[in-house]
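I opened a fresh notebook page for this one. Here is what I looked up, in the order I went through it.

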There are 2 protein chains.
Amino acid sequence: MNDPVRSAATTPRSREPDALDRYGLRARVSAELSAFLDGQEALLSQVSTDLEPVVAALRDFLDGGKRMRPAFCYWGWRAAGARDGSAEPAALRAAASLELLQASALIHDDYIDGSDTRRGAPAIHRRFERLHRDGGWEGEPERFGAAAAVLLGDITLTWCDELFTRCGLDPARIHAARPVFDLMRSEVMAGQYLDVLAQARGLSVSTPRETLERARTVLRYKSAKYTIERPLQLGAALATGAADDPLAAALSRYGLPLGEAFQLRDDVLGVFGDPAATGKPAGDDLREGKQTVLVALAAQRATDAQAKALRAGLGDPRLDAAGVEQLCSVIADTGALAEVETRIGELTRDALAALGEASMDEEAREVLGELAHAATARHG
Amino acid sequence: MNDPVRSAATTPRSREPDALDRYGLRARVSAELSAFLDGQEALLSQVSTDLEPVVAALRDFLDGGKRMRPAFCYWGWRAAGARDGSAEPAALRAAASLELLQASALIHDDYIDGSDTRRGAPAIHRRFERLHRDGGWEGEPERFGAAAAVLLGDITLTWCDELFTRCGLDPARIHAARPVFDLMRSEVMAGQYLDVLAQARGLSVSTPRETLERARTVLRYKSAKYTIERPLQLGAALATGAADDPLAAALSRYGLPLGEAFQLRDDVLGVFGDPAATGKPAGDDLREGKQTVLVALAAQRATDAQAKALRAGLGDPRLDAAGVEQLCSVIADTGALAEVETRIGELTRDALAALGEASMDEEAREVLGELAHAATARHG
C-alpha cells in the first residue's frame with residue numbers, strides 16, 4: 001500500500017491551490033492526532049514507562065501523511081451542507097481518525113511486504129528491531145520487530161474507532177454513520193488479503209485475464225473505495241444522520257472512479273516514480289511482486305519474451321537497478337503504461353462529470369474538483 | 001428468562017454447577033457469533049469468493065473457547081439489576097463481541113509466539129501456510145501464513161467493535177460504556193507488548209526483582225483486567241449508562257484479584273497442565289520463554305545451580321521432554337509453585353469477600369461466586 005510522502009506540507013509542487021489544505025485542514029488534523037496521542041500517552045504511562053517507545057514511534061509515524069482521507073471525509077461532511085460552528089471541530093476529529101486506520105494498515109502492510117522504509121524513515125518493524133539490537137536483548141531482533149509491528153498496528157486500529165466514536169458529535173449521528181465506517185474497514189482488510197493472495201498466486205498460476213480481474217478487485221477494495229468513496233460518504237453520513245441517501249450515491253459516482261484513478265496513479269508512481277518524491281526506493285513494488293493493474297495489463301499485452309522477463313523479475317527481492325530498468329521497459333513497451341495513463345484521464349473526467357451533476361454545497365463542489373486533480377496529477 | 005438453551009459443548013468436570021453456562025449462555029453466545037459471521041460472509045462474498053477461506057477459518061476458530069469474557073460481561077450487566085426482556089438479547093450480543101477481541105488477540109499472539117496449535121487445531125498462520133502449500137503458490141508459505149494471520153486478526157478486531165456497537169442497545173448507553181471498552185483494549189495490547197518486551201529482555205538482562213515486577217504488570221494488564229474486571233464493568237456500564245459508579249468500583253474489588261488468580265492458575269497450567277485438557281503441548285510456555293510470575297518467582301528463589309538451569313532452558317525452542325521436566329522440578333523445588341498456589345487461594349478469598357460486601361443483584365452475586373471457583377480451580 002502506497003501513501004507517498006509528507007513533503008506537500010512544505011513544498012507545493014504545482015501552481016494549483018493546495019486543496020488538501022483549505023481551512024488549514026492538514027495542520028488541524030495533525031493537532032487533533034497530537035492531542036489524542038497526548039491522552040493515550042498519559043494513560044499508558046500509568047501502566048508502564050516501558051510503553052514510551054510505543055507512543056513515540058506512533059507519534060513519528062503519524063507525523064507524515066498527506067491527510068487525504070480526512071480531507072475527503074471533511075468535504076463529504078461539508079458537501080451535505082454542514083458547517084455549523086460548534087459541530088465543525090467534532091467533524092474534523094472524526095475525519096482525523098481515518099489517519100489512525102491508515103497508519104495501522106501501513107504498519108501491518110510494511111511488515112507483510114517486508115518494506116524497510118516508509119515516508120523516508122525506517123518502517124515500524126525495523127525501528128523496533130533496532131531497539132532490540134541497541135538493548136542487546138535475547139532472541140532474534142527480527143522477531144521482536146515483527147511482534148512490535150503487529151501490536152502497534154493493533155493498538156492504532158482500536159484507537160481509530162476510539163477517536164471516531166469520541167469525536168464529540170451526537171452519539172445518534174455517529175451511530176448512523178457506523179455502517180459506512182464498518183464497511184470501509186472490512187473492505188480495506190479484505191482488499192489487503194486479496195492483494196497478498198494475488199502475489200502468492202503470481203503470474204504463473206493464473207491466466208492474464210484472471211490476473212487482471214483480480215488486480216482490479218484489489219484496486220477497488222484495498223484502495224479506491226477506502227481512500228475516497230467511503231471517507232466522503234462517512235463525512236456525509238455524519239452530517240445527514242443517514243448512511244444511504246441520494247448524496248451518498250452521488251458521492252459514490254464521483255468518488256469511486258476518482259479512487260480508481262488515484263490508485264492507478266499510485267501504481268505508475270510505484271514503478272516509474274522518483275524515490276525522492278515517493279519516499280520509497282525505486283522498484284520496491286516490483287521486488288515485492290505487487291500484482292497491480294499496471295503489471296497485469298503488461299502481462300496481458302506481453303510478447304512471449306516480455307512475459308518471460310516479467311515472470312522472472314517480478315517478486316524477486318534481489319532485483320537490481322538493471323533488472324528494475326528492464327521491467328520498466330517491458331511495462332512501457334507493451335503499451336500498458338499508456339493504457340493506464342489514458343484510463344486515469346477517463347476516470348478523472350467521469351468523476352468530474354458526476355461532481356458537476358450532483359446536488360451539493362457549492363464550496364464543497366469546488367474543493368472536490370481541485371482534490372480530483374491533486375489525487376491524480378501528483379508526483380509523490 | 002424462560003426456556004434456556006442447553007449447550008452441547010458442556011461437559012462439566014467437577015461437581016460444581018457450570019456457572020459459565022447458566023441460562024445457556026455458551027450456546028447463545030455461539031449463536032450470536034454465528035449469526036454475525038453469516039452477515040459478514042454475505043458481505044465479503046460480494047467482494048470475492050476468494051474470501052471464503054477467511055470466514056471459514058474464523059468460524060472454526062470462534063467455535064472454541066469457554067466464553068469466559070462474555071459471561072463476566074453478561075453478569076456485570078445483571079449485577080446492575082438489569083434483566084429487562086427486550087434488552088437482554090442486545091446485552092448478550094455486546095457480551096459476545098468480546099469473543100472477537102479475544103480471537104484477534106489469540107490469532108496475533110500465536111503468530112508472535114510461533115505457536116503451532118490453538119484449541120487443539122492448527123494456529124491460523126499454520127492453517128494458511130497449509131493453504132499456500134496445497135495451492136502450490138509462489139513465495140514462502142510461512143510469509144503467506146504470517147500475512148493471513150495479521151490480516152485475519154485485524155478484521156476480527158474491527159468486527160469486535162462492530163458487533164459491540166451494533167448490539168441493539170440504545171446508542172447513548174453504548175456510548176456511555178465506551179470508556180471501559182476502549183480502556184480494556186488499550187490495556188490488553190499494552191500488556192501484550194510488555195509481555196513480548198519481558199521475553200526479549202529475558203532473565204539475564206534484568207534482576208530477579210525487576211523480572212518479578214514486570215511479570216506482575218503483564219499479568220495485571222494482559223490478563224487480569226482484560227479477562228474479568230473490564231468485562232464485568234463493561235456489562236455494568238451498559239446497564240447503568242455510567243462507566244464510573246459505586247458498582248464499577250465494587251466489581252473491581254472482586255474482579256481484579258480474581259483476574260490475577262485466574263492468570264496465576266493459567267501460568268501453573270501452562271507449565272504443569274495436562275495437554276489433553278489445556279489443548280496446548282506440554283512445556284510450550286517454557287519453550288516460548290514466557291516470563292510469568294511463576295517463572296519470575298522461581299528465578300528469585302533459585303540457588304545458583306537452579307538459576308543456571310532456568311536461564312539455559314527457558315525460551316529454548318528445542319527444549320525436549322527431559323528439559324521440560326527439569327524446569328518443572330526447578331519451579332517446584334524453589335517453592336515457587338507452592339507460593340503461587342497459596343496466592344491463588346488468597347486472591348480468590350479476597351475476591352469472594354469483596355463480592356459478599358458489594359451491593360448488587362442477588363442472583364448475579366451467586367453466579368459470580370461460582371465463576372470465581374470456575375476461573376481458579378479449573379484444569380484446562
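**Overall fold**

I began with burial: 63% of the 380 residues of chain A count as buried (under 20% relative accessible area with a 1.4 Å probe, protein chains only; exposed is over 50%, partly exposed in between). A note to self: this is a predicted model, where local features need pLDDT of at least 70, side-chain atom pairs count only at pLDDT 80 or more, and totals for chains, interfaces and linings use all residues. Residues are numbered from 1 along each chain as its sequence is written, chains are lettered from A and ligands numbered from 1 in the order written, and side-chain values use heavy atoms, leaving out hydrogens and water.

I then listed the secondary structure of chain A and got 16 helices and two strands (DSSP runs numbered from the N terminus: H or I of at least four residues for helices, E of at least two for strands). The C-alpha trace of chain A spans about 65 × 60 × 35 Å along its principal axes. Its radius of gyration is 21 Å, which agrees with the value near 21 Å for a compact globule of 380 residues (taken over C-alpha atoms; the rule is 2.2 Å times the number of residues to the power 0.38).

**Two helices**

I checked helix H6 of chain A, residues 141-165, next. Its 25 residues should span 36 Å at 1.5 Å a residue, and its end C-alpha atoms are indeed 36 Å apart (the expected span is 1.5 Å times one less than the number of residues). Since 23 of those 25 residues are buried, H6(A) is largely enclosed by the rest of the structure.

Where is the kink in helix H8 of chain A centred? I found it at Lys225(A), with a bend of about 60° (the angle between axes fitted to the seven residues ending there and the seven starting there). H8(A) is mostly covered, with 24 of its 33 residues buried. Just after H8(A), Gly241(A) has a positive phi of about 75°.

**Cores**

The largest nonpolar core has 199 residues, and Tyr193(A) and Leu368(B) are among those with the most contacts inside it (buried Ala, Val, Leu, Ile, Met, Phe, Trp, Tyr and Cys joined through side-chain atoms within 4.5 Å). A second, separate core of 31 residues includes Leu286(A) and Leu310(A).

**Symmetry**

Last, I laid chain A on chain B: the RMSD is 0.0 Å, after a turn of 180° and a shift of 0.0 Å along the axis (least squares on C-alpha atoms of residues with pLDDT of at least 70 in both). The two copies are thus related as by a two-fold rotation axis. Pro171(A) has the C-alpha nearest the axis in chain A, 3.2 Å from it.
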